[in-house]
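Pull up the model and let's walk through it together. We'll begin with the whole chain and then zoom in on a few helices.

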Amino acid sequence: MEYHHSPRMGKQTDAIHGHGFRDQFGAVVPPIYQTAIFENVLKETGEKRLSDRGRDLKYSREENPTVRCLERALAKLEGCEDALCFSSGMAAISTVLLSELRLGDEVLVLEELYGATLQLVEALRKFGVRVSYAYPRTEDVLDALHSGLRLVFVETMTNPTLKVLDVPEVARACMEEGIPLAVDNTFVSPILYRPLPDGATYVLHSTTKYISGNNSVVGGVLASTDTEKIRGELWEWRRWLGTVMAPFNAYLTLEGLKTLALRVKRHSDSALQVAEFLSEHPKVSEVLYPGLPDNEYHEVASRVFDGGLFGGVVSFRVRGGLDETVGLMRNLKLVKATPSLGGPETMMTHPLSSLSFSHIPEERRRKLGLTENLLRMAVGLEDVEDIIEDLDRALSQI
């Protein structure tokens with residue numbers, strides 16, 4: 001397999017052609033190199049066979065041509081030179097934290113993050129890592145910054161209450177203090193926002209979600225403008241941890257990536273219509289969606305996100321308590337009760353029933369608005385009228 005360099009173009013074009021793949025047989029779609037090992041030494045010259053980033057091509061735990069196609073495409077989409085793909089989003093997050101943090105270092109994280117991320121950060125205390133928290137509001141994060149921090153880890157839009165951070169402002173402040181900034185951009189995708197051009201050190205995604213977009217493959221990606229670190233220390237950490245993405249998963253994700261821009265627009269357009277419907281429904285007490293003009297984060301989301309789009313996730317509170325909330329989920333027919341997002345199917349989850357959020361102390365849950373009547377819905381690609389009809393019918397039965 002050969003790769004060629006092409007200039008950066010529009011996001012949709014880069015998503016389709018950014019892999020730079022060129023095949024001797026003229027294949028348009030990169031093939032699946034479903035092999036554990038490669039013949040590493042060229043018989044003709046005795047030289048080692050190298051990948052396009054100069055690493056030995058000998059073992060798919062380290063380098064695989066299909067995975068490289070996906071990494072190249074995602075790097076171009078994020079506005080950097082290289083990226084690493086992982087077996088899951090958590091594998092990517094673990095690699096950043098293990099690479100950056102040492103005994104005595106302090107990491108600043110948001111009080112509201114994906115639950116497994118919070119659990120991992122807390123687990124690092126056993127290795128002497130210090131953890132500090134900031135409320136997920138730009139002003140609070142800026143106030144918590146100090147030169148003694150080793151790393152700041154945030155989400156562009158928090159899970160599950162959809163608080164939107166002014167990442168460009170946080171990135172500028174981190175650069176002034178010389179602190180690396182890692183941004184989990186899973187809920188937003190590079191179609192709505194790219195943190196790296198604004199000064200973030202790392203951007204991460206669970207590619208399981210919008211990037212692959214098909215609910216059939218698990219994966220993660222880590223991209224950075226620090227190409228030397230991606231190809232050096234972070235590459236080594238992935239090799240040591242054994243968390244590289246499988247070739248078949250990379251192939252499926254590449255196929256999904258081609259329609260990312262189209263899907264994100266459809267998800268976002270439908271989510272806004274669902275949010276507007278819910279905001280008028282008598283059985284709903286509050287809708288949390290930054291696309292609504294009266295939302296607290298509408299201004300910052302309008303400024304940071306591209307295209308007048310606000311993402312495909314809508315959170316809302318049912319009027320009542322736990323019985324009414326669980327009753328709504330049981331009444332749904334089209335919408336699936338499942339905790340993921342970013343796929344064709346509309347999905348709903350009750351955050352406080354999830355293992356990811358149940359460990360958060362009760363006082364912090366109240367502060368963040370993680371109430372028992374809160375639901376998070378990932379709006380899919382179905383006809384939006386059918387989604388709304390399913391919601392309306394389920395709400396009328398509680």
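What follows goes from the overall fold to some local details.

Keep in mind that this is a predicted model, so everything below is computed from its atoms. Start by taking stock of the secondary structure: the protein chain holds 15 helices and 14 strands. Its radius of gyration is 21 Å, close to the 21 Å that the globule rule gives for 398 residues, so the chain is as compact as a globular protein of that length. If you'd like a feel for the dimensions, the C-alpha trace spans about 75 × 50 × 35 Å along its principal axes.

How much of the protein chain is buried? Of the 398 residues, 58% count as buried. The accessible surface comes to about 16300 Å², and carbon and sulfur atoms own 51% of it. As for who touches whom, take the contacts with a separation of 6 or more: 72% of them come from residues 24 or more positions apart.

Now zoom in on helix 2, which runs over residues 65–78. From its first C-alpha to its last, this 14-residue helix reaches 20 Å, close to the 20 Å expected at 1.5 Å a residue. Helix 2 is also mostly covered, with 14 of its 14 residues buried. Have a look at both ends. At the start, a side-chain oxygen of N64 comes to within 2.9 Å of the backbone nitrogen of T66. Just after the helix, G79 takes a positive phi of about 85 degrees.

Helix 6 (residues 167–177) is a good next stop, with V167, P168, V170, A171, A173 and C174 buried. Here's a bit of helix geometry to keep in mind: an α-helix has 3.6 residues a turn, so residues three or four places apart point the same way. With that in hand, check the spacing of the buried positions in helix 6, V167, V170, A171 and C174 among them. What covers these buried residues? The cover includes helix 5 (138–144) and helix 11 (298–304), along with strand 6 (151–155) and strand 7 (181–184). Just after helix 6 sits G178, with a positive phi of about 70 degrees.

Finally, find L120, which lies in helix 4 (residues 115–123). Leaving aside residues up to four places away in sequence, L120 touches M90, I93, S94 and L97. It's also worth picking out F357: L120 and F357 are 237 residues apart in sequence, while their C-alpha atoms are 13 Å apart in space.

Methods
Residues numbered from 1 in each chain as written. Predicted model: local features only at pLDDT ≥ 70, side-chain atom pairs only at ≥ 80, totals over all residues. Heavy atoms only, no water. Helix = DSSP H or I, 4+ residues; strand = E, 2+ residues; numbered from the N terminus. Expected span 1.5 Å × (residues − 1). Buried < 20%, exposed > 50% of the residue type's maximum accessible area, 1.4 Å probe, protein only. Polar contact = N/O pair within 3.5 Å; in protein donor to acceptor, adjacent residues only side chain to side chain. Contact = heavy atoms within 4.5 Å. Rg over C-alpha atoms; globule rule 2.2 N^0.38 Å. Areas by Shrake-Rupley, 256 points an atom, 1.4 Å probe, with all protein chains shown as cover.
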